[in-house]
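Visitor: I am new here and would like to understand how the terms used for a structure are justified. Could you walk me through it?

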Amino acid sequence: MLSALIFLPLVFALILVFIKNPSLCRKGAAFCSVAYFLFSLSLFLFFDSQTEELQLGERFSWFPALGIEYFVAVDGLSFWFVILTAFLLPVCVGASWNLIKEKVSAFYCCLFLMITSVMGTFLAMDTILFYIFFESSLIPLYFIIGIWGSKERIYAAFKFFIYTAFGSLFLLAGLVALMHLTLQSTGEMSASLLDFYKLELPFEASLLSTQNVLFFCFFLAFAIKLPFVPFHTWLPLAHVEAPAPGSAVLAAVILKMGAYGFLRFVLPLFPQSVEFFASSICFLAGVGIFYGALMALAQKNIKKLVAYSSVSHMAYVLLGLFSLNEYGLTGGYYQMLTHAVSSAGLFLLVGILYERTQSLNISDYGGLAKKMPILAINFVIISLSAIALPSTGGFISEFFVLMGSFTARNWGALFLALWGVIFGASYMLYLIHRVFFGSVSVLSQKTSLLSKREMGIILPFVFLVFGMGLFPKAFLKYSTVSLNHLQESRENYNLNIKTKNFRLGQKHFSLISDMSGTHNTRRQGGL
Amino acid sequence: MSDLLLSSPLWSLFLFSLIPISLKVLNKNKESSLFLSSGFILIGIFTSLVLLFLIWPSSNIEIKTLFSEALVFNELRAIASLVLLLVGFFIVLMSIQQPQVNENIFSEILFLKIGSLFGLLILLWAGNLLIAFIGLELASLSFYLLIALGRTGSQALKASFKYFVLGSVASAILLYGISFVVGSSGHFDLQRIFQQSPELITSSRLLTLGLIFILVGFLFKVSIFPFHFWLPDVYRASFTPLLVLMATGLKLVIFILLFEWTRNMFSLLEFSVLLSLFQWLAVLSVLFGNIIALLQKDFKKMLLFSTVAHSGYLLMILIVSQMGSFFGRTALLYYLIVYIGTTLGIFICLRPFEKKDSVALNLSELDGLVHQKPFHAFLITLFLLSLAGIPPTGGFVSKLFVFQALLDQGLWWMLFWAILGSSIALFYYLKPIALMYMKKDLQIREKKVFIRLPRFLTSCLLLLSGFILASGLIPSLFIFG
């Protein structure tokens with residue numbers, strides 16, 4: 001099932017790339033993406049939200065010489081990202097309908113390939129497999145920015161690729177080091193995340209102790225991806241140059257891959273280092289929130305403004321996660337989801353505007369609310385979520401993050417984050433004011449009302465904004481158990497495999513049956 | 001008799017290489033058809049391959065010695081011979097209808113190419129230092145001649161002469177080193193020295209000096225920094241198949257041979273100075289190779305300098321495996337095989353850009369290639385990504401192996417430089433991709449005219465690209481030992 005989720009888009013991509021007729025290709029892509037999204041919804045039926053164990057997965061030996069496995073599984077941490085990724089595919093296909101005019105089949109091929117690699121990143125439980133998906137997601141996005149982007153696209157694509165690839169080389173080094181440490185402790189080389197969790201990494205309160213060095217390797221890779229100030233400079237550029245669907249995927253899931261890395265790797269693998277550096281990272285996250293908001297306030301380009309707001313909002317995620325308490329963790333996690341919805345929604349709306357006017361300069365617009373009232377309403381609603389107004393999703397997450405930061409007594413970070421909230425409201429309202437109100441500018445005259453297709457793309461986002469704000473429990477119930485497990489047993493984190501519906505290769509199958517035979521009383525025998 | 005039988009892959013190759021040139025002589029110095037003469041050579045290589053399989057060592061540890069231990073043959077060398085013969089196969093195919101090859105002397109060129117292959121095989125099988133020297137010289141002399149024959153005009157002669165002088169100096173250093181080693185230990189066989197009298201190396205300065213000289217002589221041929229300065233001259237003069245042979249075959253043979261000979265050398269002895277010297281050479285090769293490649297505007301030159309960096313990675317694996325690393329051999333073989341496959345692939349991909357009068361290939365010639373030749377652009381991208389070590393290509397697994405090998409010995413500082421080097425490499429490997437796919441102004445300019453890629457080369461390309469993907473996705477298939 002999970003393999004199908006990962007590789008179906010790959011199959012679709014290989015089919016789509018050979019369809020030369022653009023309109024047929026669009027229809028094919030739309031059909032495939034909707035079918036794929038519906039298929040991913042079946043996860044709701046099989047997923048058990050009452051356990052933190054890994055579910056529904058597959059585990060086979062793949063590259064035994066280095067102990068690398070094909071090991072995919074889903075749990076509470078990755079569940080929503082899987083749904084989110086699948087949801088984004090039909091939306092992006094819809095958003096590119098008229099926007100992409102040349103090399104249509106190649107575009108859809110890149111888009112579907114990207115979904116494959118992102119989905120693989122969220123589902124992989126073998127670290128090298130994770131790395132392969134993590135790294136190969138760069139290639140399709142590199143092409144999407146570089147081929148279908150605007151003027152500075154080549155430079156932007158380059159910078160994006162090299163920044164993130166540079167970071168992930170350190171990640172690879174860290175992974176290889178962990179593989180060697182498992183070899184030393186168990187006598188068998190393994191790249192499985194479950195084996196990494198069992199490692200006791202030596203820690204001292206010095207910068208060069210093993211755990212701290214590894215922590216830095218991982219931190220650098222994920223911080224660049226997140227992106228964390230001061231490694232953020234690739235993001236605004238990439239956002240401005242990418243076509244709207246590319247921006248939406250970038251904001252909604254690619255950045256989340258960095259945040260997910262913190263959740264999945266950094267917090268459970270290096271508990272002492274995390275505690276050791278937590279307060280300083282929280283402070284830096286506070287700086288990031290403040291800096292991102294301040295930069296957003298100064299932007300003249302709509303997309304750049306939204307991009308800097310992303311920088312600011314992703315820093316909330318980090319602030320929440322490194323508060324190291326229940327509130328912060330939940331808030332940080334929920335912030336990932338709400339930010340995905342609000343930023344992807346905003347980028348798609350900006351894309352719709354751009355399709356009509358070919359301009360991203362804020363000063364070109366004005367009085368758009370009179371010309372495009374429905375777009376204006378949607379834009380305001382989604383940006384309210386970014387501002388974190390009560391009853392929108394953003395409120396819940398930012399409230400929890402600040403609460404977590406308060407509980408952890410990170411006063412400096414809290415102070416900066418609160419200023420960030422105020423600036424956040426001002427840059428968004430200022431943007432709305434300049435674009436939608438005031439006198440009608442020349443460019444705004446040319447606009448036309450939203451089509452049905454565009455309404456169809458945007459409305460889900462509006463519903464999600466309110467849904468996440470009014471019924472957070474309905475969303476969080478799938479992850480609470482996993483998050484609590486992470487919070488409570490961070491010192492010696494461990495995950496087990498729920499054997500029901502789990503397909504195992506020969507070696508692991510015998511291991512499991514041995515375990516359950518000897519430890520009948522203990523439910524969590526497993527690996 | 002059994003010696004002759006065992007060495008049959010060598011002499012069958014040599015005998016078949018004589019056929020086209022003899023035909024030419026018998027036919028009043030008139031060149032027979034390209035396909036006929038290449039056909040004979042290909043049959044020769046194929047025969048060698050078959051003979052190689054007949055004498056394939058039955059087990060991992062079996063060692064066969066020939067001609068009173070002048071030639072040695074074991075599993076590793078058998079695998080390397082197999083790869084080398086396959087390289088020869090591709091090289092011969094690449095030479096057919098190659099625009100820069102003078103078709104009036106095609107038989108001679110083929111003879112010299114197989115001569116160099118023959119030399120490389122002898123080098124690969126060499127059981128002692130003298131045989132290795134003979135093999136290396138046989139290969140090098142063929143290279144000098146091939147460079148001189150490559151293109152008309154004084155430039156080729158000049159480059160050939162330059163390479164000849166530099167190469168002779170390297171050979172002289174090698175020979176000098178051999179004389180030191182033999183003089184101080186009385187043996188021509190390095191492994192025997194390490195096994196029988198390891199104490200000599202710590203006590204005898206002369207032996208240490210000799211070893212350094214020998215290694216330098218070999219490293220010159222694989223263009224390890226700072227012995228890479230002959231590359232630009234050779235590049236300017238020689239034609240592409242020869243470049244590929246020097247970048248792949250020579251590297252393969254020398255690294256395998258060094259692996260076989262220096263086994264235990266670094267771990268056994270207190271070679272702290274020598275060890276750190278070679279570690280630094282590897283690191284500097286990675287860094288300088290990548291930086292120089294970054295500065296190139298010529299695509300082929302860029303690839304050539306990137307081979308300096310790849311030599312550096314290979315030297316890293318070599319050093320680490322001689323320090324007693326667990327999977328040094330596997331890593332070395334895998335890296336070499338994937339690297340050779342990729343290099344062959346990318347140079348075959350550049351065939352349509354070949355010109356009669358120059359080997360230069362400016363990066364700007366790749367502009368907007370995807371509009372005219374989308375599949376070709378895709379293949380070039382695939383090979384470049386593999387060279388850059390991006391998954392899901394074989395190059396990624398190679399990189400994984402390098403990291404594994406380095407961390408196996410706890411060499412964090414070398415790993416740091418390796419990471420830095422491969423990030424620099426990203427810049428120049430991505431640049432051609434950006435040019436091919438992302439330039440939009442092609443419609444304005446007139447369409448470029450490309451040489452058509454012959455069908456047999458297209459199938460070679462498909463084979464190689466399949467190999468690159470397979471080695472990345474199912475690496476277990478390509479793990480030996």
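Visitor: How do you know that the span of helix H19 of chain B agrees with its number of residues?

Guide: Please keep in mind that we are looking at a predicted model. Helix H19 of chain B covers residues 394-408, which is 15 residues. The expected span is 1.5 Å times one less than the number of residues, so it should be 21 Å, and the end C-alpha atoms are indeed 21 Å apart.

Visitor: What makes H19(B) largely enclosed by the rest of the structure?

Guide: A residue counts as buried under 20% relative accessible area. Of the 15 residues of H19(B), 14 are buried, so the helix is largely enclosed. Just after H19(B) comes B:Gly410, with a positive phi of about 65°.

Visitor: What makes A:Leu56 stand out by its phi?

Guide: Its phi is near 55°, a positive value in a residue other than glycine. A:Leu56 sits in strand E1 of chain A, and its relative accessible area of 7% is under 20%, so it is called buried.

Visitor: And why is A:Lys103 called partly exposed?

Guide: Partly exposed is the range between the 20% and 50% cut-offs. A:Lys103 has a relative accessible area of 26%, so that is the word for it. A:Lys103 also has a positive phi, near 50°, and its place is the loop between helix H4 (76-95) and helix H5 (104-123) of chain A.

Visitor: Back to strand E1, then. Why is A:Gln55 called buried?

Guide: The value for A:Gln55 is 2%, and buried means under 20%, so the word applies. A:Gln55 lies in strand E1 of chain A. Beyond its neighbours within four places in sequence, A:Gln55 is in contact with several residues, including A:Leu2, A:Phe46, A:Ala73 and A:Phe502.

Visitor: How do you know that A:Gln55 and A:Asp48 are in polar contact?

Guide: A polar atom of the A:Gln55 side chain lies 2.7 Å from the backbone oxygen of A:Asp48. The cut-off for a polar contact is 3.5 Å, so this pair is within it.

Visitor: Why is the pair A:Arg59 and A:Glu69 called a salt bridge?

Guide: The rule asks for a side-chain nitrogen of Lys or Arg within 4 Å of a carboxyl oxygen of Asp or Glu. Here the closest N and O atoms are 3.1 Å apart, so the pair qualifies. A:Arg59 lies in strand E1 and A:Glu69 in strand E2 (residues 68-74) of chain A, so the pair ties together parts that are 10 residues apart in sequence. Both residues are buried.

Visitor: What parts does the salt bridge of A:Arg264 and A:Asp75 tie together?

Guide: The closest N and O atoms of this pair are 2.7 Å apart. A:Arg264 lies in helix H12 (residues 244-269) of chain A and A:Asp75 in the loop between E2 and H4, so the parts joined are 189 residues apart in sequence. A:Arg264 is buried, with a relative accessible area of 1%, and A:Asp75 also counts as buried, at 1%.

Visitor: Is A:Glu275, the salt-bridge partner of A:Arg490, buried, partly exposed or exposed?

Guide: A:Glu275 has a relative accessible area of 44%, between 20% and 50%, so it is partly exposed. A:Arg490 is buried, at 7%. The closest N and O atoms of the two are 2.8 Å apart.

Visitor: How many salt bridges does the rule find across the interface of chain A and chain B?

Guide: The rule finds 0 there, while the search over all chains finds 11. Across the interface there are 5 residue pairs in polar contact. The area buried between the two chains is about 3400 Å², and carbon and sulfur atoms give 81% of it.

Visitor: Which helix supplies the largest share of the side of chain A that touches chain B?

Guide: That is H8(A), with 15 residues. The residues of this side divide into 29 nonpolar, 4 polar and 4 charged.

Visitor: Finally, what makes the bond between A:Val229 and A:Pro230 special?

Guide: This peptide bond is cis, with omega about 10°. A:Pro230 is in the loop between H10 and helix H11 (234-241) of chain A. In chain B, the peptide bond from B:Phe225 to B:Pro226 is cis too, with omega near 0°.

Terms used:
Residues numbered from 1 in each chain as written. Chains lettered and ligands numbered in written order. Predicted model: local features only at pLDDT ≥ 70, side-chain atom pairs only at ≥ 80, totals over all residues. Heavy atoms only, no water. Buried area = accessible area lost by both parts, 1.4 Å probe. Polar contact = N/O pair within 3.5 Å; in protein donor to acceptor, adjacent residues only side chain to side chain. Helix = DSSP H or I, 4+ residues; strand = E, 2+ residues; numbered from the N terminus. Nonpolar A, V, L, I, M, F, W, Y, C, P; charged D, E, K, R; others polar. Buried < 20%, exposed > 50% of the residue type's maximum accessible area, 1.4 Å probe, protein only. Contact = heavy atoms within 4.5 Å.
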